[in-house]
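Reader: I should be grateful for a short introduction to this structure, in the form of questions and answers.

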Amino acid sequence: MKESKIAFRIKLLPVLLALAALAAWAVLSNMGVFPRSSFPAPMEVATGLGEEFQRGRLFQDVVASVYRVMVGFGLAALLGIPLGLVIGLRANARAALLPFVNFFRNLSPLAWIPFAILWFGVGDTPSIFLIFVSVFFSVVLSTAAVASVPAVYFRVARDYGLRGAELLTQVTIPAILPQIITTLRVTAGLAWLVVVAAEMIAGRDGLGFLIWDARNGLRNDLVVVGMVVIGLIGVVIDRILMQLTRIPSVGWGYER
Amino acid sequence: MRDSLLRLENVSRSFGPVSVLHDLSLEIRRGEFVAVVGPSGCGKTTLLNLLSGYDRPTSGRIDGSGTVRMVYQQSGLFPWKTAEENVLLGLRHVRDHAERRRQLRQMLVLIGLEGFGGHYPHQLSGGMQQRVELARALIGESDLLLMDEPFSSLDYITRLKMRGELARLLEERPRTVVLVTHDIEEAAQLADRVLVLSGRPAQVQREICLSLPRPRPLTHPEVVRAVHMVLAELGLEDNGTESPRVETRLPKGRTG
């Protein structure tokens, strides 16, 4: 009884806070503290949301942004994990490539914007490229941490005759999987930040373009619509990736 | 005289200029339990690595054959595999599925972990984890069991219980055992022969034989005397006037 009460309160509190914030927003904009044009009212935003939704543009923008993140992020993970394994397991590759990877990891992905446009023009490709460079190097680095997996695991694997593909799938990858999942969660968030910036500059659709277009058309209500949708989808993406930490065989990596 | 399982003849191992083992000769006979004690850093682990075939001597000969299993100092259980999956590593050579299940079930009962097969190591207590390690090493066919301070990370009471547990398991699954430990009580309570190693470069300084059947009470006079003798040999206790009744002898080719 008591526990279910606590669980209920934990669910209820954020809802109450959101309602309070919404009420405060409505009161502030009704009192006219800020000029209407730079501080849209909740009702205007709700109307704008309905409008965008009905015209089908919002849905298209969401699909465009999510598609770019999925392709860029997917490619970065697909190529970054194998490269990270090679760097982690081969001392020569590590010595040669690690400084290089570190350099690009610390380079803001937004610094690539001029070349992204120069090379790929506008549309999906520059955004996908920018997402790729913002995710790829982090994934490589966290997978390369396989170099610090306790040596005893590899000795035990040897004792029991695990080698080749079996060694990779039963020992090497499981040993770093918790860390890879954590990195994927962090970089998915990063990719979602980057796609907005990329679409503002090199997009003709997508949620970033929606915001930029609304701003150019002095429709600040639609800017807020874009902000709300971006925030909500970001939370959903993180929730989905969080499910990966519930896989039983990675639970050990999150025990503290 | 039981036949020899493993014989080291004038074995030396050095790492660069550091001579860790020098001119060491040793015979492990089938079915016996040999404990190796000595000052820390004297080369006990190097000796185990030579016995397991993981490392090669710089000079000298090692003759022996048979399957070797090793229990490591820090937990060598794979945290991403359940207790059951860890134990099954020891049965990789058994192809028949039903036979694997049968042997696994038998082993889980033997170590008192029936019903815990689906648990991950981090969900088990330290003592339970150690029993899973023993099960993995003892299941299936093997000739020599090497143990590198297997109980050193356990608390004192659990350690005492695990000694009894090991004695009981060996009763059921007889193996030749070489136990490397800095726990002198453990050596005296379990071993048929206790080899006291000298400091680096390590040689067998004294050999103490015990004929008492296992499990032995920790406070049994013969165990206590053996502890006393090892301590005296390591210079940690005066060799008092009491004349020990334990049979002791110097290794071949050495005069005391």
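The questions below concern the chain contact, the nonpolar core and the strands.

Author: This is a predicted model, in which local features need pLDDT of at least 70 and side-chain atom pairs count only at pLDDT 80 or more, while totals for chains, interfaces and linings use all residues. Residues are numbered from 1 along each chain as its sequence is written, and chains are lettered from A and ligands numbered from 1 in the order in which they are written.

Reader: How many residues of chain B are in contact with chain A?

Author: Two residues are in contact if their C-beta atoms, placed from the backbone, lie within 7 Å. On the chain A side, 14 residues take part. On the chain B side, the number is 13.

Reader: Which helix of chain A gives the most residues to the largest nonpolar core?

Author: A nonpolar core joins buried Ala, Val, Leu, Ile, Met, Phe, Trp, Tyr and Cys residues through C-beta atoms within 7 Å; buried means that 20 or more other C-beta atoms lie within 10 Å of a residue's own. The largest such core has 125 residues, and B:Val178 is among those touching the most other members. The greatest contribution, 14 residues, comes from residues 165-202 of chain A, helix H8.

Reader: Which residue in E4(B) is the bridge partner of B:Arg7?

Author: Strands are DSSP runs of at least two E residues, numbered from the N terminus, and two strands pair if DSSP finds at least two bridges between them. E1(B) pairs with strand E4 (residues 59-64) of chain B in the antiparallel sense, over five bridges. The partner of B:Arg7 there is B:Asp63.

Reader: Which residue in E2(B) stands opposite B:Ser14?

Author: Strands E1 (residues 4-15) and E2 (residues 18-29) of chain B run antiparallel and are joined by eight bridges. Opposite B:Ser14 stands B:Ser19.

Definitions and conventions: A residue is buried if 20 or more other C-beta atoms lie within 10 Å of its own, exposed if 12 or fewer, and partly exposed in between; C-beta atoms are placed from the backbone. Helices (H or I, at least four residues) and strands (E, at least two) are DSSP runs, numbered from the N terminus.
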